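User: Could you walk me through this chain, one question at a time?

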Amino acid sequence: MKSKFNDKAQQPKKEKNTKDIPAQKQERQYVPEDLSHGELLERIDMYGKVGEEPQEHYFANEKDKQDYLEKLKTINENETKALLNYTLGNQVGLVQDSPDVVKEIFQRRKQELINEKRKISKERYRDSNSPIIDFEKASRKDHDMDR
């Protein structure tokens, strides 16, 4: 029986049985998901209520929450003014980007504000509520009781 390949050059080459070599491990940096307005307020409340002594951070968290709400109100007012100016500019005949660009800019500002407040309240929570600190407090109590 004749081979369908006349010479060796036409024959398909057998691939070596090699496995893919994994690329070097890249450091993965945790990027938190973007929270909504309601989720941020819930998170701030949670950080104020959880812990051995929740009243420590309650007032600071409430101050952060009020500051966030004031800044959010300012951003919303500015967004309304910007959209109004955009509409007036279109009526006069000014060539501008679409209103979606204006909305996107303000949405990004709101998300940056949310991320900033989340980071601040989370750091405050972690400063006093961590397993290491809890362990140190418990070991001090045990050590004091032994004396």
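Here is a short round of questions and answers on the fold, a helix pair, the core and one residue.

User: Happy to start simple: what elements does the chain have, and in what order do they run from the N terminus?

Analyst: Please keep in mind that this is a predicted model. The chain holds four helices and zero strands. Read from the N terminus on, the order is therefore α-α-α-α.

User: What share of the 147 residues counts as buried?
Analyst: A residue has to fall under 20% relative accessible area to be called buried. Among the 147 residues of the chain, the share that counts as buried is 20%.

User: And how much of the contacts with a separation of 6 or more comes from residues 24 or more positions apart?
Analyst: Contact here means heavy atoms within 4.5 Å. For the contacts with a separation of 6 or more, the part from residues 24 or more positions apart is 72%.

User: Are α1 and α3 roughly parallel or roughly antiparallel?
Analyst: Helix α1 covers residues 37-49 and helix α3 covers residues 99-128; their axes lie 10 Å apart, at an angle of about 15°. Angles under 35 degrees count as roughly parallel, so α1 and α3 are roughly parallel.

User: Which residues make that contact, and is the crossing of α1 and α3 left-handed or right-handed?
Analyst: On the α1 side you will find H37, L40, R43, I44 and Y47, and these meet I114, K117, R118, S121, K122 and Y125 of α3. By type, the contact residues divide into five nonpolar, two polar and four charged. As for its hand, the crossing of α1 and α3 is left-handed.

User: Which helix gives the most to the largest nonpolar core?
Analyst: That core has eleven residues: L35, L40, L41, I44, Y68, L72, I75, V102, F106, L113 and I114. At least two of them come from each of α1, α2 (55-92) and α3. With four residues, the helix that gives the most is α3.

User: L40 keeps turning up; which residues does L40 touch, leaving out those up to four places away in sequence?
Analyst: L40 belongs to the largest nonpolar core and also takes part in the contact of α1 with α3. With residues up to four places away set aside, L40 touches L35, Y68, I114, K117 and R118.

User: One last residue: is Q107 buried, exposed or partly exposed?
Analyst: Q107 is found in helix α3, and its C-alpha atom is 9.6 Å from that of N76, 31 residues apart along the chain. The relative accessible area of Q107 is 45%, so Q107 is partly exposed.

Key:
Residues numbered from 1 in each chain as written. Predicted model: local features only at pLDDT ≥ 70, side-chain atom pairs only at ≥ 80, totals over all residues. Heavy atoms only, no water. Axes fitted to C-alpha atoms, helices over the stretch in contact; angles between N-to-C directions. Helix = DSSP H or I, 4+ residues; strand = E, 2+ residues; numbered from the N terminus. Parallel < 35°, antiparallel > 145°, perpendicular 65-115°, else oblique. Left-handed = near helix turned anticlockwise from the far one by under 90°. Nonpolar A, V, L, I, M, F, W, Y, C, P; charged D, E, K, R; others polar. Core = buried A, V, L, I, M, F, W, Y, C linked by side-chain atoms within 4.5 Å. Buried < 20%, exposed > 50% of the residue type's maximum accessible area, 1.4 Å probe, protein only.
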